[in-house]
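Visitor: I would like to understand how the words used for a protein structure are justified. Could you take me through some of them, step by step?

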Amino acid sequence: MESLSIATPRVLRPVIGSVTLSLIVALYLVSVTNRTFWSKAMEYLAAPSTAVFLLGIGLFSLFAAICVTASVKYLTKPFFILLIMIAAACSRFMDTFGTIIDVDMIRNAAETTGSEAGHLLTAGFLAHMFLFGIVPSLLIAVVRIKHRPFPQKFKHNIVLILCLLAVFTSVSIANVRTFASTIRQHRDLVATLNPVAPIFNAVRFGLATGADKNVAVQPLGTDARVIAPTQSGKPRVTIIVAGETARAENFSLGGYARQTNPLLARQDVQYFTDTSSCGTSTAVSLPCMFSVYPRSSYTHRKGLETENLLDVLTRAGVKAEWWENNTGSKGVADRIAYTSFSDINDPRFCKNNECLDGVALDRLGAWLDGVKGDSVLVIHQLGSHGPAYHLRYPENFSRFTPECRTAELGNCSRQEIVDTYDNSILYTDYILSTVIDMLKARGDRMAGAMVYMSDHGESLGERGLYLHGAPYFIAPPQQTHIPFVLWTGSETKAGIDQACLRATLDEPRSHDNLFHTVLGLMNVSTKVYEPALDALATCRTRAAS
């Protein structure tokens, strides 16, 4: 019997030349994944104009030169797919939220938690990645790439790359005045070139992170000491509430039309109306606000290699402790007692390791009752962190409606977003007022104070921007103008001229003031204390010194 042989048909796969594919990928990256860049370019270059057209020609030539350079056998597909996936992810955040992927934004992303990141991985994000990342990547994976023999390919590609670079150079030189002037006035333009800017900043972040691994922390305030106990002998207790994503524009204490601070308005608090943040993201602002360095000279490296406010307090004999309900202390609390509420995951307040700020109030009474000496407690809030504003407060705080009950802000009207955000501020008002009430209730046993500062603000659609993290040089005031609230108990208040303090409330303040104001409240003497940066120094009476 003759054996039967069955021929298996070969799967037909399209064949494309490596140079042709390189040009297609370059065109895709320049045009499809750079919507934000081109919208800014057309605005800044007053489109329609010849400059915009020539900019397109120049950038396509540059991208094409890069792609052709990488079109080496076994490297072409992985490299192109990686570029497309990076560009797709970055374009989602730039096009949807107005985000710029700089070093600080990458650091913020690297230090985030799974819960926080999960709010950004919405159905809209997945659909965007499928359409603009996975589909073109699959097309590249399917095709067969035709490469010339190496000697021929080398010569051909070198000539083509030089021609493409010549076009890029010619366009740049011919329009050098226009382009240079535009870039100088609008530095955000180059910062949104996708995926060049994100990849460049990722490399910078990686290099900086590697260099930071062996940082040795230098001591600060080695002469720190508490000058004298209170006249009554009661311990001084200051609670610092480090807010999250609260913008001053939506605080009724500062004139906002809606009553978002009804409880604080009944407390005897001082509200500093003109306060600026050190940065526009937690990764920058949090360590900066506890640092001895002002924003003008602060760097991430300095923050790592220098002790902070809590170290100085500890050295002076003050008990310092940190309660975490966000994405970590960013190194600020590395050398003091530390509690993470997401790790405890109390089901009464927490879901999927993300907790309402009421979890801190549940434990605060017992902590205060256990105070034996001068103490500072830092409560790092979850606050108003977006985009899932609706998850930042209990249902009974849904006062402003209709709400945006999703993290997909594109599915909500701007009014719904503002309503939901304002409800989160209303909940922060409750948290702060309750902290004050707890301190008041123990006024017979301690000299209490509360300081509240947000780490940064938030954009809610103004100028097409959402969330936070914009580079400081272009950040709108919504991201940098923050609330600063101070409450002092009767004994602490007695040492401050209240009329004098009220007269200073509209003066410019910033995160620079936190370090020195808290040292002043705790009556700590040290050479690193600067009275000029203590928000209360000019109004302290002699009896308080």
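Visitor: What makes helix α1 and α4 roughly parallel to each other?

Guide: In this predicted model, the axes of α1 (residues 18-31) and α4 come within 11 Å and cross at roughly 10 degrees. Angles under 35 degrees count as roughly parallel, and α1 and α4 are therefore described in that way.

Visitor: Which residues make the contact between α1 and α4, and how many of the contact residues are nonpolar, polar or charged?

Guide: From α1 come Leu21, Ser22, Val25, Tyr28 and Leu29, and they meet Thr76, Phe80, Leu83, Ile84 and Ala87 of α4. Sorted by class, this contact of α1 with α4 holds 8 nonpolar and 2 polar residues, and no charged ones.

Visitor: How do you know that β4 and β10 pair?

Guide: Two strands pair if at least two bridges are found between them, and β4 and β10 have 6 bridges, in the parallel sense. In this pairing Ile240 stands opposite Val378 of β10. Strand β6 (residues 319-324) also pairs with β10 in the parallel sense over 6 bridges, and there Trp322 has Val378 as its bridge partner.

Visitor: Why is β10 called mostly covered?

Guide: A residue is buried when its relative accessible area is under 20%, and 6 of the 6 residues of β10 are buried, so the strand is called mostly covered. Ser375, Leu377 and Ile379 point one way from β10, while Val376, Val378 and His380 point the other way, and all are buried. This fits a general pattern, since in a regular strand the side chains alternate between the two faces of the sheet.

Visitor: What makes a set of residues a nonpolar core, and how many residues has the largest one?

Guide: Such a core consists of buried residues of certain kinds, Leu, Ile and Met among them, joined through side-chain atoms within 4.5 Å. The largest nonpolar core has 53 residues, and those with the most contacts inside it are Ile239, Leu364, Leu368, Leu439 and Met450. Among the elements that give two or more residues to this core are α4, β4, β10 and α17, and α17 gives the most, with 12 residues. Leaving aside neighbours within four places in sequence, Leu368 is in contact with residues including Val237, Ile239, Met438 and Leu439. A second, separate core has 41 residues, including Leu286, Leu309, Val312 and Ile336.

Notes. Residues are numbered from 1 along each chain as its sequence is written. This is a predicted model: local features need pLDDT of at least 70, side-chain atom pairs count only at pLDDT 80 or more; totals for chains, interfaces and linings use all residues. Side-chain values use heavy atoms; hydrogens and water are left out. Buried means under 20% relative accessible area, exposed over 50%, partly exposed in between (1.4 Å probe, protein chains only). Helices (H or I, at least four residues) and strands (E, at least two) are DSSP runs, numbered from the N terminus. Contact means heavy atoms within 4.5 Å. Axes are lines fitted to C-alpha atoms, for helices over the stretch in contact, and angles run from 0 to 180 degrees between N-to-C directions. Angles under 35 degrees count as roughly parallel, over 145 as roughly antiparallel, 65 to 115 as roughly perpendicular and the rest as oblique. Ala, Val, Leu, Ile, Met, Phe, Trp, Tyr, Cys and Pro count as nonpolar, Asp, Glu, Lys and Arg as charged, and the others, Gly among them, as polar.
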